[in-house]
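Open your viewer, switch to a cartoon view and keep the selection tool handy. We will go from stop to stop, and at each one you will get something to select and a note on what is there.

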Amino acid sequence: MLSDAEFEIVAREVKQRSGLVMTRELANSATLRLTPLARRENFGTVSELISAARIRPDGALWNAISDMLAQSETRFFRDRALFARIRTEILPAAIARRGSEPVRIWSAACSTGQEPYSFAMIAEELGEQCANPAVEITASDFSERLIEKARTGLYTQFEVQRGLPIRKLIAHFERAGDLWCIADRMR
């Protein structure tokens, strides 16, 4: 477990890099999440990882620590009621108001991309019903690791079965070995 001093340093650095506010109750969880990173970076303990991060001037270890501690809870159509409202009310109204201009959606803290891809599926489905369904989706996250996973569009069976109806899986994904890959047109 992190000492009080180590936890305070980690909490300060993580907040500065990601905005994540860590409370002392997260110390055990932080240690568990950072242990694989410490091993990957060839440190014997999380304490050694933190000590190295403190003296390395490039900040790369702090960025990796922040990335590992970031919450990445995500799934397709995560809040069903909200996504239903987006599909039936919000996005059609925005398309109608914008006329020939595209509707722009920003998915901040997009994690591994399930929410922005959910928007893309809705936009494509609306495209079959609207005269000008131009929608531009921008997805961002401070975690390069999570963004890279989102870019690949590859998801496990567990990830696609959490919230994604089978009809949408068949319509928007292709099998890629043991994974599911979102169709190129969705990216």
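Where in α2 does a kink lie? Keep in mind that you are looking at a predicted model, then select helix α2, residues 27-40. The kink is at Leu 34, shortly before the proline Pro 36, and amounts to about 35 degrees.

Now put a distance between the end C-alpha atoms of α2: they are 20 Å apart. With 14 residues at 1.5 Å a residue, the helix should span 20 Å, so the two values agree.

Stay on α2 and show its side chains. The buried residues are Ala 27, Ala 30, Thr 31, Leu 34, Leu 37 and Ala 38. Leu 34, the site of the kink, is thus on the buried list too. As a reminder, an α-helix has 3.6 residues a turn, so residues three or four places apart point the same way. To see what covers these buried residues, add α1 (4-18), α3 (46-55) and α4 (60-69), which are among the covering elements. Before leaving, step just past the end of α2 to Asn 42, which takes a positive phi of about 65 degrees.

Next, hide everything but α1 and α4. How do these two helices pack? Their axes are 9 Å apart and meet at an angle of about 85 degrees. Angles of 65 to 115 degrees count as roughly perpendicular, so that is how α1 stands to α4. Show the side chains where the helices meet: α1 brings Ile 9, Val 10, Glu 13, Val 14 and Arg 17, while α4 brings Trp 62, Asn 63, Ile 65, Ser 66 and Leu 69.

The last stop is the sheet. Select β3 (residues 154-155) and β5 (residues 179-182), which form an antiparallel pair over two bridges. Then add β4 (residues 173-176), which pairs with β5 over four bridges, again in the antiparallel sense. Together the three strands make an open sheet in the order β3-β5-β4. Because β3 and β4 stand at the edges with a single partner strand each, one side of each has no neighbour in the sheet.

Centre on Trp 180 in β5: Tyr 155 stands opposite this residue, and so does Arg 175. Finish at the hairpin of β4 and β5, where two residues lie between the strands and Gly 177 takes a positive phi near 70 degrees.

Terms used:
Residues are numbered from 1 along each chain as its sequence is written. This is a predicted model: local features need pLDDT of at least 70, side-chain atom pairs count only at pLDDT 80 or more; totals for chains, interfaces and linings use all residues. Side-chain values use heavy atoms; hydrogens and water are left out. Two strands pair if DSSP finds at least two bridges between them. The expected span of a helix is 1.5 Å times one less than its number of residues. The bend at a residue is the angle between axes fitted to the seven residues ending there and the seven starting there. Buried means under 20% relative accessible area, exposed over 50%, partly exposed in between (1.4 Å probe, protein chains only). Contact means heavy atoms within 4.5 Å. Axes are lines fitted to C-alpha atoms, for helices over the stretch in contact, and angles run from 0 to 180 degrees between N-to-C directions. Angles under 35 degrees count as roughly parallel, over 145 as roughly antiparallel, 65 to 115 as roughly perpendicular and the rest as oblique.
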